[in-house]
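Trainee: I would like a close look at a single part of this protein, set in the context of the whole. Please take me through it in one connected account.

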Amino acid sequence: QVQLVESGGGLVQAGGSLRLSCAASGLTFSLYGLGWFRQAPGKEREFVAAISWSGIDSTYYADSVKGRFTISRDNAKNTVYLQMNSLRPEDTAVYYCAGRRLGAPQYDYWGQGTQVTVSS
């Protein structure tokens, strides 16, 4: 059974930092691309960042977070991270991690989400 469990969310002041973690189990982690998405109240879920499977490790970012957020993975720990710096109130959302098997057209598995609140 595949599980993705996020942690690391919380309340932070604008300009601060948080690091989100997503621990995966039940899958061959190195063969999965991983992504972070977020959903703010009243808004649709949006893409934040992604990292491809371990053979390539390319990274991708939404324009709104480029230069402030960094996605990384640790295959030894089956964990993907999202380092978030220079946080803004508009970054407030529930953040979800997702996994997509190599070659799959879309994300197959999703975590339950972790709340990030940035105060002004």
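Mentor: What follows starts with the overall fold, moves to one open sheet, and then looks at selected residues in and around that sheet.

The model is a predicted one, and local features are described where pLDDT is at least 70. The secondary structure consists of 11 strands and zero helices, so read along the sequence the pattern is β-β-β-β-β-β-β-β-β-β-β, with strands taken as DSSP runs of at least two residues. For 120 residues, a compact globule would have a radius of gyration near 14 Å, and the protein agrees with that because its own value is 14 Å. The C-alpha trace spans about 40 × 25 × 25 Å along the principal axes. About 6,200 Å² of the protein is exposed, and 47% of that area comes from carbon and sulfur atoms. Of the 120 residues, 41% are buried. Among contacts with a separation of 6 or more, 54% join residues 24 or more positions apart.

The part to look at is the open sheet. Four strands form it, in the order E1-E3-E8-E7, with antiparallel pairing. E1 (residues 3–7) and E7 are the edge strands, each pairing on one side only. On average, neighbouring strands here are turned by 15° against each other, direction ignored. In general, strands of a sheet pair through backbone hydrogen bonds, in a parallel or an antiparallel sense. The antiparallel pairing of E7 with E8 runs over six bridges. Ser72 is placed opposite Tyr81, a residue of E8.

Within this sheet, take Ser21, which belongs to strand E3 (residues 18–25). Ser21 counts as buried because its relative accessible area is 15%, and the cut-off for buried is under 20%. Leaving out residues up to four places away in sequence, Ser21 touches Val5, Glu6, Ser7, Trp36, Thr79, Val80 and Tyr81.

Two of those contacts, Trp36 and Val80, lead to the largest nonpolar core. That core has 28 residues, and those with the most contacts inside it are Trp36, Val48, Phe69, Val80, Leu82, Met84 and Tyr95. At least two core residues are supplied by each of E3, E4 (32–39), E5 (46–51), E7 (69–74), E8 (79–84), E9 (93–101) and E11 (114–119). E3 gives the largest share, four residues.

Met84 shows how one of these core residues is surrounded. With residues up to four places away in sequence not counted, Met84 touches Gly16, Ser17, Leu18, Leu20, Arg68, Phe69, Tyr95 and Val116. Phe69 and Tyr95 are thus in contact with Met84 and are also listed among the core residues with the most contacts.

The loops on either side of E8 each hold a residue with an uncommented backbone detail worth checking in the model. Asn78, in the loop between E7 and E8, has a positive phi of about 50° although it is not a glycine. Asn78 counts as partly exposed because its relative accessibility is 23%. Ser86, in the loop between E8 and E9, also has a positive phi, near 50°, and is a residue other than glycine. At 42% relative accessibility, Ser86 is partly exposed as well.

How values were computed:
Residues numbered from 1 in each chain as written. Predicted model: local features only at pLDDT ≥ 70, side-chain atom pairs only at ≥ 80, totals over all residues. Heavy atoms only, no water. Buried < 20%, exposed > 50% of the residue type's maximum accessible area, 1.4 Å probe, protein only. Contact = heavy atoms within 4.5 Å. Core = buried A, V, L, I, M, F, W, Y, C linked by side-chain atoms within 4.5 Å. Pairing = 2+ DSSP bridges. Axes fitted to C-alpha atoms, helices over the stretch in contact; angles between N-to-C directions. Rg over C-alpha atoms; globule rule 2.2 N^0.38 Å. Areas by Shrake-Rupley, 256 points an atom, 1.4 Å probe, with all protein chains shown as cover.
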